[in-house]
Amino acid sequence: MPAHPAVLTSTPEWQRLKEHRKRLDGVLMKDLFSEDPERAKRYFTEGAGLFLDYSKNRITDEVLETLFALAKSCNLEARREALLQGRPVNVTENRPALHTALRNPGSDAITVAGQDVVAEVQRTLKRMETLVDDVLSQRRTGFTGKPFTDVVSIGIGGSYLGPKLVGEALQPYAKAGIRCHYVANIDGTEICETLRQTDPETTLFLIQSKSFQTQETLENSKVARQWFLKHCVDEQAVSKHFMAVTANVPAAQDFGISSDNVFPMWDWVGGRYSLWSAIGLPIAFTVGMANFRALLAGAHAMDQHFREAPLAQNLPVIMAMLGIWYTNFWDAETHAILPYDHYLRSLPDHLQQLDMESNGKSVTRDGTALAWQSGPIIWGGVGANGQHAYHQLIHQGTRLIPADFIIPLKTHNPVATHHADLFANCLSQSRAMMAGKSLEKARAELVAEGRSEAEVEQLAPHKVIPGNKPSNTLTMEKVTPETVGALIALYEHRTFVQGVIWDVNSFDQWGVELGKQLGKGILPRLLGDNSDRPASDSSTDHLIELFRSNGNV
């Protein structure tokens, strides 16, 4: 593979950022706060109902100006318009990436291959509304006439992570009478445990697969269909209890699903961006279509902010360029997502796929090898729990781990002083990352405890917290459909901006496809196919034999 000519790293902006990095090497953020009483106000912005404090970062005005100049030199503004106007930004598959059209309120036409996709989206939303209203009002029932009580969504990847996140996040808005379950794993335990909680007479299944050939989804759907027919021998009843979101209508019909129960999934929407489409039906069943539309409205508000706000006040751009700063100039390898709200507990899982599947690339859009690092490892967990686990590594470990703290100003569940306690925990963690604890302070604390001089000298180094660890704090008034929509759209655009800077295609995922291809050759051998299939490596061959020798064939 030819080496990339390193255009990005040769730009004047990149070289200036390297110089800024050297100058800031020994500078402490706590000193920057002391020198500038207005720092928190200056490094604060808002948009679409979200508020961003990015003052606890290793930045100066000069750093920010250069980061935004780098974004302009990479043609971010033109690339942003190409994305939003529906041009084929997915260069390896020659497709647009029009997830923003899914939350367009219908006022603007966007044409792809001669069709107004916004009008098509609006028609689909109306179909979704009719279905959801019919189920929630009990006008639509199961094969015995009983109303539906459970919806089982069968998908994987974006068809699973996004809807699950939003369904949990909007639980305060849940409608009575419907429980949503999510099945993704090919481990049979998940589908079996889910079916044990449901009644075939009152369960509606949603099969979520663009191709209707995704192995995990198809196999789980077959199990669900067999389970259903075990209790209802009339195959015609399948059409009452099974629906699909897919581009492969004939395959869905062969499964027994009526074409009236098939919702579209378009090529111009990637799975990890699809929760805004009919893939979001589980969300709509959970919270109703009015709240689903509010979710779309919040995301659209962030789309407008991303499109119109100057780069220096643009939430996705600011967060993206700070990520570039740490990944490419401070050698940060990971980024932590830390939501301080139980309802947002699955946000790190969704953002893990969104970011790592989008920007986990090693070649540029023209296929040449990257001469710089691309996407970081995304990880994290909910709220105060992590403080008693992995925050230790963030505070005293040797790695630089930037973090996003996310917390609402108000809670849906005001219990005693819990929310104030939670907010205090969030602020104290971000402050501890920034300020740390010096050796002198550690010694003074030990002396105040009455420790001997020998104990002070022995223990003090262990109590030092280096500090100077960067973080953002994202807040919103409350976790609502609008703010959840805006939050997810913010990270979608942040991911896109970083892909522009690194010059990668953020909308394909060929690495995912390789495992699927290899699995097709391994599975028959596991199931006892003794034909002359080509051997794998010695490790894979040995493990196949181990599986077969343990009574699995």
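This passage describes two helix pairings and the largest pocket of a predicted model.

In the N-terminal pairing considered here, helix H1, which spans residues 12-24, packs with helix H4, which spans residues 61-73, their axes coming within 9 Å and crossing at roughly 160°. Because angles over 145 degrees count as roughly antiparallel, H1 is described as roughly antiparallel to H4. The crossing of these two helices, H1 and H4, is left-handed. On the side of H1, the contact is made by Glu 13, Trp 14, Arg 16, Leu 17, His 20 and Leu 24, and these residues are met on H4 by Glu 62, Val 63, Thr 66, Leu 67, Ala 69, Leu 70 and Ser 73. By class, the residues joining H1 to H4 comprise seven nonpolar, three polar and three charged.

A further pairing involves helix H15 (residues 347-359) and helix H20 (residues 481-502), whose axes come within 10 Å and cross at roughly 25°. This crossing angle makes H15 roughly parallel to H20, and the crossing of H15 and H20 is right-handed. The residues of H15 that take part are Leu 347, His 350, Leu 351, Leu 354, Asp 355, Ser 358 and Asn 359, while H20 contributes Leu 487, Ile 488, Tyr 491, Glu 492, Arg 494, Thr 495, Gln 498, Gly 499 and Trp 502. The contact of H15 with H20 is made up of seven nonpolar, six polar and three charged residues.

Helix H15 also takes part in the lining of the largest pocket, which has a volume of about 1200 Å³. This pocket is lined by 43 residues, of which Ser 211, Thr 214, Val 512, Glu 513 and Lys 516 are the closest to its centre. Two or more residues of the lining are given by each of helix H7 (158-169), helix H9 (215-231), H15 and helix H21 (510-526). Among these elements, H21 gives the most to the lining of the largest pocket, with nine residues. When the lining residues of the largest pocket are divided by class, twelve are nonpolar, 19 are polar and twelve are charged.

How values were computed:
Residues are numbered from 1 along each chain as its sequence is written. This is a predicted model: local features need pLDDT of at least 70, side-chain atom pairs count only at pLDDT 80 or more; totals for chains, interfaces and linings use all residues. Side-chain values use heavy atoms; hydrogens and water are left out. Axes are lines fitted to C-alpha atoms, for helices over the stretch in contact, and angles run from 0 to 180 degrees between N-to-C directions. Helices (H or I, at least four residues) and strands (E, at least two) are DSSP runs, numbered from the N terminus. Angles under 35 degrees count as roughly parallel, over 145 as roughly antiparallel, 65 to 115 as roughly perpendicular and the rest as oblique. A crossing is left-handed if the near helix is turned anticlockwise from the far one by less than a right angle, and right-handed if clockwise. Contact means heavy atoms within 4.5 Å. Ala, Val, Leu, Ile, Met, Phe, Trp, Tyr, Cys and Pro count as nonpolar, Asp, Glu, Lys and Arg as charged, and the others, Gly among them, as polar. On a 1 Å grid over the protein atoms alone, a cavity is a set of points where a 1.4 Å probe fits but cannot get out, and a pocket is an open set with protein on both sides within 12 Å along at least five of seven lines; lining residues have an atom within 4 Å of a point. Grid points are joined across faces, edges and corners, and a volume is the space filled by probe spheres set on the points.
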